[in-house]
Amino acid sequence: MISQPNDQPTSQPRLCVIPGDGVGREVIPVAVEVLRGALPELGVIEAQAGWETFQRTGTSLPQETLQAARSCGAVLFGAVASPSHPVEGYRSPIVALRRELDVYANLRPVRGWPLSGVHPALDLLVVRENTEGLYAGVERRDGDTAVSERIITRRGSARVAQVACRLAAESGRRVTIVHKANVVRVGDGLWRDTCLAVAGDYPQVETDEGLVDAVAYHLVRDPGRYQLLLCPNLYGDILSDLAAALGGGLGMAPSLSLGQRFAIAEPVHGAAPDIAGQGVANPLGALLSGALLARHWWGRPDVADAIETAVERTLASGIRTPDIAAPGEPTTGTQAMGQAILDHLR
């Protein structure tokens, strides 16, 4: 469990639920139902954010939503659609929410679920810095030249490294610090040196390092090679999506963004407008994100274990949404998958 300085008692967890757009409106209610099945005392407040909210209200992240998120301490966020062209006044609400709540450590676990083509030894946790790097949004353009600044700070690097090392100490995982310091000597050099310094405070944790391109290569060749990848923002985003492909796809991929006072759980997938409204979206990434909240934020590993075990039993029984079905396998829909998880919770 990550230590949480927030003053919310873990015995009475509260959750701000933001379905967002597209399939978020389908998978998030299923995830909440499963969470309540495993954690009946959960208090839920629903709030709005996203493209549809912007079209209706003129803002993608209303102040009432931000207040609800702060009052609960924990958020379950669905997915948001983005217009295909620049729209004046529109900003990504999830990026804004992460910055407002200062959730700086992004956890993206991938494991070997009982699915066709998934490596059974896969058990990887990607810990990604969540606020800096190229995603800091410091950009400018001068005619035909565009400059995007990559921001790396010692503070930002140290605090996510502390989360990674603390998790590794609790779980017995080996930490691999990912960088490209042989080329990006200043920025990645600071990241590498800071992470190694923090790792020195955890002598019980085995630590090594890897160049990001080599890590990507070895991850594909041997998915069981790594245990915990500690990454700056962009590298972590790319490597966690690559790992998700090895673990059944984005529909199976959960994430949890942690800060000192707040946490945001969200499936890695997007709004998927091509299948929105069809009732076939995979809810497992969303409900496994809820399990991450239970384990790392509310201090309820029993709840997380119950949900993850129910998912494993459901998949082992052959129940599949279309995105994770092998050719010729029968498929089910979003609601039916959620009901199967509930049945295996009992």
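A disulfide here is a pair of cysteine sulfur atoms within 2.5 Å. The model is predicted, so local features need pLDDT of at least 70 and side-chain atom pairs pLDDT 80 or more, while totals for chains, interfaces and linings use all residues. Residues are numbered from 1 along each chain as its sequence is written, and side-chain values use heavy atoms, with hydrogens and water left out.

**Exercise 1.** Work out how many disulfides the rule gives, and check Cys 72 and Cys 231.

*Solution.*
- Step 1: apply the cut-off, and you end up with zero disulfides.
- Step 2: look at Cys 72, whose nearest cysteine sulfur, that of Cys 16, sits 5.3 Å away.
- Step 3: try Cys 231. Its sulfur is too far for a bond, because the closest cysteine sulfur, in Cys 195, is 9.4 Å off.
- Step 4: check burial (buried means under 20% relative accessible area, exposed over 50%, partly exposed in between, with a 1.4 Å probe and protein chains only). Cys 72 is buried at 1%, and Cys 231 is buried at 0%.

**Exercise 2.** Trace the open sheet of 10 strands and find what packs on it.

*Solution.*
- Step 1: get the terms straight. Helices (H or I, at least four residues) and strands (E, at least two) are DSSP runs, numbered from the N terminus; two strands pair if DSSP finds at least two bridges between them.
- Step 2: read off the order, β2-β1-β3-β12-β11-β4-β5-β10-β8-β9, with mixed pairing.
- Step 3: pick out the edges, β2 (43-46) and β9 (207-211), each pairing on one side only.
- Step 4: zoom in on β4, which three bridges join to antiparallel β11 (residues 256-258); Ala 105 stands opposite Leu 258 in β11.
- Step 5: add helix α5 (residues 154-171), which packs on the sheet and touches β4, β5 (123-129), β8 (175-179) and β10 (228-231). Contact means heavy atoms within 4.5 Å.
- Step 6: add helix α7 (residues 212-221), which also packs on the sheet, touching β5, β8, β9 and β10.

**Exercise 3.** Describe the surroundings of Arg 108.

*Solution.*
- Step 1: place Arg 108 in strand β4 (residues 105-111).
- Step 2: check accessibility; at 8% relative accessible area, Arg 108 is buried.
- Step 3: list contacts, not counting residues up to four places away in sequence; among them are Leu 124, Arg 128, Asp 237, Ser 240, Asp 241 and Val 268.

Notes. Axes are lines fitted to C-alpha atoms, for helices over the stretch in contact, and angles run from 0 to 180 degrees between N-to-C directions.
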